[in-house]
Amino acid sequence: MTVTGTSSDPLDLSAGVLVAGGGPAAAWAEYKAAQAGADVVLADKGYCGTSGATASAGTGVWYVPPRPAERERAMASREALGGHLADRHWMARVLDQTYEGMGELADAGRYPFPPDGEGGQVRRGVQGPEYMRRMRILLRRAGVRILDHSPVVELLTDEDGAVAGVAGYQRQRDRPYRVRAGAVVLATGGCAFLSRALGCDVNTGDGALMAAEAGAELSGMEFSNAYAIAPEFSSVTKTAYYSFATFYREDGTVLEGAGSQKGRSVIARTLLTEKVYCRIDRAGPDVQRAMRLGQPNFFLPFDRMGVDPFTRLFPVTLLLEGTVRGTGGIRVADDECATSVPGLYVAGDAATRELVCGGFTGGGSHNAAWAISSGTWAGRGAARFSAALAPSASRRPLIPAGGAGLRPTGRPAARDGYREVVAAVQAEVHPYEKNYLRHGDRLGPALANLHATWDRVRSSLYGTGAGAVHARQAAAMTAHARWMYTAALARQESRGMHKREDLPGSDESWRRRLLVEGLDEIRVRPDPVAPVGPQEYADHLRAAS
Amino acid sequence: MIEIVSRDRCVRCDICVKVCPMDVFEPGTDGVPVIARQPDCQTCFMCEAHCPADALFVAPLAGPAPAGSPYTDEAALVASGAMGRYRHVIGWGRGRTPGSRLDKNFVFTARLAASGGEGPSRTDASGDDAGVSERQPEAS
């Protein structure tokens, strides 16, 4: 990669494990890889500690004590909502790993959980700023190297296609860097298409693009239309709190059927023609207090605008959270969160979360549990993979795997060409009538437009230095959008959060996860691995004992 | 979006330059960081939380504040106590209790679960503890 106007020499590093990303999943992967004895480097687009959807927010955690009845209830509670695509084997191990991880966060991480009044702690949620500050301290104590403001731009592979490192750009030093690594963990988050949903603008789907370029598959990309409720003109999303709200039309009448979970589509449909107002008027004084102490940032916009959300009406909007809170992502190929590409692991929202919540996540708690668990497994898996490499691996050739935005097939476009691409993609994925209120008649033309954008991206989008980062983000969003709508058109039914107005029913024969792969040509097929539901899991346990 | 770096309060530590996940700030020639790329600001309030001098103010708007907006009036914001407020409520800074220690989100989630996940009916906002179950929270 070439950079014009470079002020310093390129940085060249070597590591056992390279973790791309800076949110919870990246931090857990880094921490666990270091504990497993690997020499690790973390490279984040932003700052590990403030980066990503968790740091600026607060989240419940799918934390359930190891009591069989409670665990069973926890697993069963989400199966129907997720369209029965979740997997009991994975749910059970995520519950185990999350329980252990939260214990570590309390003990080694010294996270100040609230007391439960009986000498213990309540560990069913975390406040983002504190959580990520503690994780960074843990990482520093573990002696890992952190490269902040150093977005990974592309993967490097050896001649057999195994991932052998990354190349990126340090934006505050204006210099490119390269890290040779035995294994790479992608923990770059989902893709929210620069919608300004809280903390999500670093999440542009970069990891999915890089994984696909290396040959990895994705899964569940039709489950990519999560929208969060926010006060109009604000960035602060916290949809759960709107469970205690009433929604109103412009004329002051109650918007019947509107709600935070099941009634969000009613809000979307109404927003197409008029403003929607809201008041959190079903929260009693103790719930109001719990909200204020639970997620103080929720109240920042209200307090600063001088609006009491419990007594006054305020206009709301829906912000796209895409695959940050949708469940699609890079396919997980085994229990260590490996992908189908040797040396490439995946964790957090960059990975599919269908395994724990199928085709729907209305809440962050499953994602938070998945970040801890998948980060732990991917970190350990990557460390093990790296340690098992022959010494000659340190002399592997490093072949750049990046295409779109870095190596155009035609004449390079203007340096700010990425802006036009981003706008074109947003025009297809942000509108409620296309992405949220899905219909084949609208998805088809939207996908055709996105394919045309991709052709332009591939032939002419180009950037160097900081421009390469912008170009790659735009390319990643374009690819992401095409996978989403390809899968959305392929799934000829409604399931989980994927609701088709033209195909409102669910069909048992579609109780399969859908895999997509490819960039110029996209292929889609049912996952040969069927979801393990309660019955299948019980049969499996019986056979094993 | 970020609107104010207070010259009076700034201690020239460059922490905001370091912690902003969107790389919005740049070190200033006189040591006071400048807002170099405001359109990139994602309004996440993280710079405010990390500023040890309460010198920053992020307006609650996802776009830039219009000219003459109260969100750019530093003297008024200082007088109203808005600057540093967020850091205060999350309990960062010497002698403060971490906000997470006081977290009562579990009360909210228990109440939400008790209502079947969709919140109470409009006539049921009394706030008594009856029927709180151990069902898992739906927090997001």
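**Figure 1. Secondary structure of the annotated region of chain A.** Residues 17-223 of chain A are 33% helix and 22% strand, with end C-alpha atoms 30 Å apart; helices (H or I, at least four residues) and strands (E, at least two) are DSSP runs numbered from the N terminus. An unreviewed UniProt entry places the feature "domain: FAD-dependent oxidoreductase 2 FAD-binding" at these residues; such annotations may be inferred rather than shown by experiment. The model is predicted: local features need pLDDT of at least 70, side-chain atom pairs count only at pLDDT 80 or more, and totals for chains, interfaces and linings use all residues. Residues are numbered from 1 along each chain as its sequence is written, and chains are lettered from A and ligands numbered from 1 in the order in which they are written.

**Figure 2. An open antiparallel sheet of chain A.** The sheet has 4 strands in the order S14-S9-S17-S18, where pairing requires at least two DSSP bridges between two strands. Its edges are S14 (329-330) and S18 (523-526), each pairing on one side only. S17 (residues 514-517) and S18(A) share 4 bridges, and Leu515(A) stands opposite Arg525(A).

**Figure 3. Helix H13 of chain A and its buried face.** The 13 residues of H13 (417-429) should span 18 Å at 1.5 Å a residue (1.5 Å times one less than the number of residues), which agrees with the 19 Å between its end C-alpha atoms. Its buried residues (20 or more other C-beta atoms within 10 Å of their own, C-beta atoms being placed from the backbone) include Tyr418(A), Val421(A) and Val425(A). The buried residues fall within an arc of 125°, taken from the directions from the helix axis to the C-beta atoms, so they line one face. The face turned away carries Arg419(A) and Ala423(A), which are exposed (12 or fewer such atoms).
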